[in-house]
Each structure stands twice: as structure tokens, then as C-alpha cells.
Amino acid sequence: MPLEAGLLEILACPACHAPLRDESAADTPELTCTGTDCGLAYPVRDGIPVLLVDEARRPA
């Protein structure tokens, strides 16, 4: 389930405050930080973004 466009516009990375980009695939829905130094990927569970740094996936 894609996030509403209005919601995505106001969400920001809790670590660096950069905007988030929806890079959801069918099996791994997530929001990725657009910050050049950060790049954390936050999971989306049941249509709800989990914006906790401890739950984020580090960039490869």
C-alpha cells in the first residue's frame, strides 16, 4: 500500500532531518533518507512508517 503523497512530503529522517523517498518494493516496503551522509532505510509495516533509528537498515 503506497503512502499518501501529502504524508511523504512532511516526513523527514529522524537522524539527519533530510526528506525521505519511497523506495518500496513488493516484499520490502521502506522509506529511504535522501541525505548524502545518512541514507538510512526505514521499514513500513502495515502501511505505517517506523521512523526509529534503531529499526532502520544501514546503507550497503
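Me: What makes Ala41 a residue to look at in β3 when I start from Thr32?

Reply: Good place to start! In this predicted model, Ala41 is the bridge partner of Thr32 in β3. On the β1 side, Thr32 of β2 has Arg21 opposite.

Me: How do you know that β2 and β3 pair, and in which sense do they run?

Reply: Pairing needs at least two bridges between the strands. Three bridges join β2 to β3 (residues 41-45), so the two count as paired, and they run antiparallel.

Me: What makes β1 and β2 a pair?

Reply: The reasoning is just like that for β3. Three bridges link β1 (residues 20-22) with β2, and at least two are needed, so they pair, in the antiparallel sense.

Me: Which residues of β2 lie on each side, and are they buried or exposed?

Reply: Glu30 and Thr32 are on one side of β2 (residues 30-33), with Leu31 and Cys33 on the other, and all are buried. Both faces of the strand are therefore covered.

Me: Why is His17 called exposed?

Reply: The cut-off for exposed is over 50% relative accessible area. His17 has 63% relative accessibility, so it counts as exposed. You will find His17 in the loop between α1 (5-10) and β1.

Me: What is there to note about the phi of His17?

Reply: Its phi is near 70°, a positive value in a residue other than glycine. Most residues other than glycine have a negative phi.

Me: Why does Asp46 count as exposed?

Reply: Asp46 has 79% relative accessibility, and exposed means over 50%, so the label fits. Asp46 sits in the loop between β3 and β4 (48-49), and has a positive phi of about 55° although it is not a glycine.

How values were computed: Residues numbered from 1 in each chain as written. Predicted model: local features only at pLDDT ≥ 70, side-chain atom pairs only at ≥ 80, totals over all residues. Heavy atoms only, no water. Buried < 20%, exposed > 50% of the residue type's maximum accessible area, 1.4 Å probe, protein only. Helix = DSSP H or I, 4+ residues; strand = E, 2+ residues; numbered from the N terminus.
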